[in-house]
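Q: Could you walk me through this one while I have it open? I'd like to go over strands, helices and empty spaces.
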Amino acid sequence: MPRATTALLTDRYELTMLEASLQSGAAHRRSVFEVFSRRLSGGRRYGVVAGTGRVLDAIADFTFSGTEIDWLREREIVSGETLDYLAGYRFGGDVLGYGEGECFFPGSPILTIRGTFAEALLLETVVLSVLNHDSAVAAAASRMTTAAHGRPCAEMGARRTHEEAAVAAARAAVVGGFAATSVLEAGRSYGIPTMGTAAHSFTLVHDDEEAAFDAQVRAMGPGTTLLVDTYDVERGVERAVAAARRHGGELGAVRLDSGDLVAQAFTVRRQLDALGATTTKITVTSDLDEYAIAALGAAPVDAYGVGTKLVTGSGLPTAELVYKLVEREGADGQMVDVAKASAAKATVGGFKVAGRVFENGVAQEELVVGCDDEAAGAKVLEEHGARPLQLPLVRQGVIAEEHRGPDAVRAAAERHVASRAALPYEGWRLSEGEPAIPTRHVLG
């Protein structure tokens, strides 16, 4: 959903830290922030980077107009000096990140932001907001499409989340392997195929099921999908097939939305075949998650529609990503590694590059190299035979446009298919366990 600016999609303490650092002089120190996860949510085997294109959109729109400045001044959030800084703010640093759709693991530096402390600090909240939400949805989508074994999945969860989150969730679902969405704004904004035919209310508003089916087929053609469980499923299937034939064709699909979906799928498939409707497909919906989809694997189901569980990350609505300062300029002008040492929340300081080591096409480990710069890190990756994972997303404030827009979503979906396919077999399991590959830190 377009908005004039993303600058107030932040926590107040970002501005109060800015004010204090402007007064101390630390605001202008060169700094490096890093986005990573300490652990994978819920004991999952891998995470999925999603939301990169939206992060770049947020950076492009992160400016303070007179409206925002006036609001901050009226509420005395920060001083006039800080307001003057904000009025001229444009991110002018660099962003390096994993390609959208790439799998990630604990310690993977999926996004690195370099600039002054002030300009990089201000992006923390909006970056984490986007990446934590989208990566959680994409991880759920990936698990669901793995469980579907090539059968198409469609996203239809808009009514179960915030209206703006619904558009972001549809985008993230496609990154994770979904084929379509019910949300028209997602189709307009990101070029995602849209789908949808009718709900139970459409059947109920007509005098009987036959009239409803006739009306839908007349409007949409015999290839439409008819919802057959408003009343009796067996009678619904019979009427649906007959309605399509009355209009000159075979029915495209029936949708099942309640009851024992496994048993019903077998029963309906037998009925369709007995009626000669062998080309009519079966789509199932009804509060599916990856486990329900896996349970339907042996059933004659052709497609899945997923809503609530998808847009809420299948019970894990955040990817547990954090945004931490790992390097900053010292008083002598030299860069200094910095890290938290607190129990259970320790971090690894220093700028890093990352690569993945493969053997016979199968991923073996995530290699994270602490180094002075990208060139030094690239050399170490090459020595270890690791494929580099990070891409330049922003250089001196200039965004690499190929990572935004509809084409970027399609590229991310393709990248994810390849990244997931290269994981060891155990990495595809839905059960809780260790990450699919270990992460190893080395110094360059």
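Q: How many bridges join β12 to β13, and do they run parallel or antiparallel?
A: In this predicted model, β12 is joined to β13 (residues 335-337) by three bridges, and the two strands run antiparallel. Within that pairing, R328 stands opposite V336 in β13.

Q: What lies between the two strands of that hairpin?
A: Five residues lie between β12 and β13 in the hairpin, and in the turn G333 has a positive phi of about 85 degrees.

Q: Which other strand is β12 joined to, and by how many bridges?
A: Strand β1 (residues 30-37) is joined to β12 (residues 321-329) by seven bridges, and these two strands run antiparallel. One of the pairs to look at is E34, whose bridge partner in β12 is K324.

Q: Moving on to the six-stranded sheet, what is the strand order?
A: The order is β7-β6-β11-β10-β9-β8, in an open sheet with parallel pairing. The edges are taken by β7 (180-181) and β8 (225-227), each of which has a single partner strand, so one side of each is left without a neighbour in the sheet.

Q: And how many bridges hold β6 to β11?
A: Three bridges join β6 (residues 153-155) to β11 (residues 303-306), with the strands running parallel. A154 has G305 in β11 as its bridge partner.

Q: G305 makes me think of pockets. Which residues are closest to the centre of the largest one?
A: The largest pocket has a volume of about 940 Å³, and of the 35 residues that line this pocket, M156, M195, R255, T285 and G305 are the closest to its centre. G305 therefore turns up twice, as the bridge partner of A154 and among the residues closest to the pocket centre.

Q: Which strands supply that lining?
A: At least two residues each come from β6, β8, β9 (253-256), β10 (281-284) and β11, and β11 gives the most, with four residues. By class, the lining of the largest pocket divides into 15 nonpolar, 13 polar and seven charged residues.

Q: What about closed cavities, how many of 30 Å³ or more are there?
A: The search of the whole structure finds three cavities of 30 Å³ or more, and the largest has a volume of about 100 Å³. Its lining is made up of 14 residues, with S41, G47, F104, A139 and A319 lying nearest the centre. The elements giving two or more residues to this lining are β2 (47-48) and α6 (124-148), and α6 has the largest share, three residues. The lining of the largest cavity has eight nonpolar, four polar and two charged residues.

Q: And which residues line the second largest cavity?
A: That cavity holds about 50 Å³ of space, and the lining consists of R44, R45, Y46, R143, T146, G427, W428, R429 and L430. By class these are three nonpolar, two polar and four charged residues.

Q: Back to strands: which ones are at the edges of the four-stranded sheet?
A: The open sheet of four strands has the order β16-β14-β15-β19 with mixed pairing, and its edge strands are β16 (386-388) and β19 (439-443), each pairing on one side only. From one strand to the next, the twist averages 35 degrees.

Q: How many bridges are there from β15 to β19?
A: Five bridges join β15 (residues 362-370) to β19, and the two run parallel; G370 stands opposite L443 in β19. Helix α15 (residues 374-383) packs on this sheet, where it touches β14 (352-359), β15, β16 and β19, and the helix direction makes about 15 degrees with that of β14.

Q: Switching to helix pairs, at what angle do α1 and α4 pack?
A: Helix α1 (residues 12-24) packs with helix α4 (residues 80-87) at about 105 degrees, with the axes 10 Å apart, and the two are therefore roughly perpendicular to each other. The contact brings L15, L18, E19, L22 and Q23 in α1 to E81, T82, Y85 and L86 in α4, which by class gives five nonpolar, two polar and two charged residues.

Q: And how far apart are the axes of α7 and α16?
A: The axes of α7 (residues 163-175) and α16 (residues 405-421) are 7 Å apart, at an angle of about 40 degrees, and these helices are therefore oblique to each other. R171, V174 and V175 in α7 meet V409, A412, A413 and H416 in α16, a contact with five nonpolar residues, one polar and one charged.

Conventions: Residues numbered from 1 in each chain as written. Predicted model: local features only at pLDDT ≥ 70, side-chain atom pairs only at ≥ 80, totals over all residues. Heavy atoms only, no water. Axes fitted to C-alpha atoms, helices over the stretch in contact; angles between N-to-C directions. Parallel < 35°, antiparallel > 145°, perpendicular 65-115°, else oblique. Contact = heavy atoms within 4.5 Å. Nonpolar A, V, L, I, M, F, W, Y, C, P; charged D, E, K, R; others polar. 1 Å grid on protein atoms, 1.4 Å probe; cavity = no way out; pocket = protein on both sides within 12 Å on 5 of 7 lines; lining within 4 Å. Points joined across faces, edges and corners; volume = space filled by probe spheres on them. Pairing = 2+ DSSP bridges.
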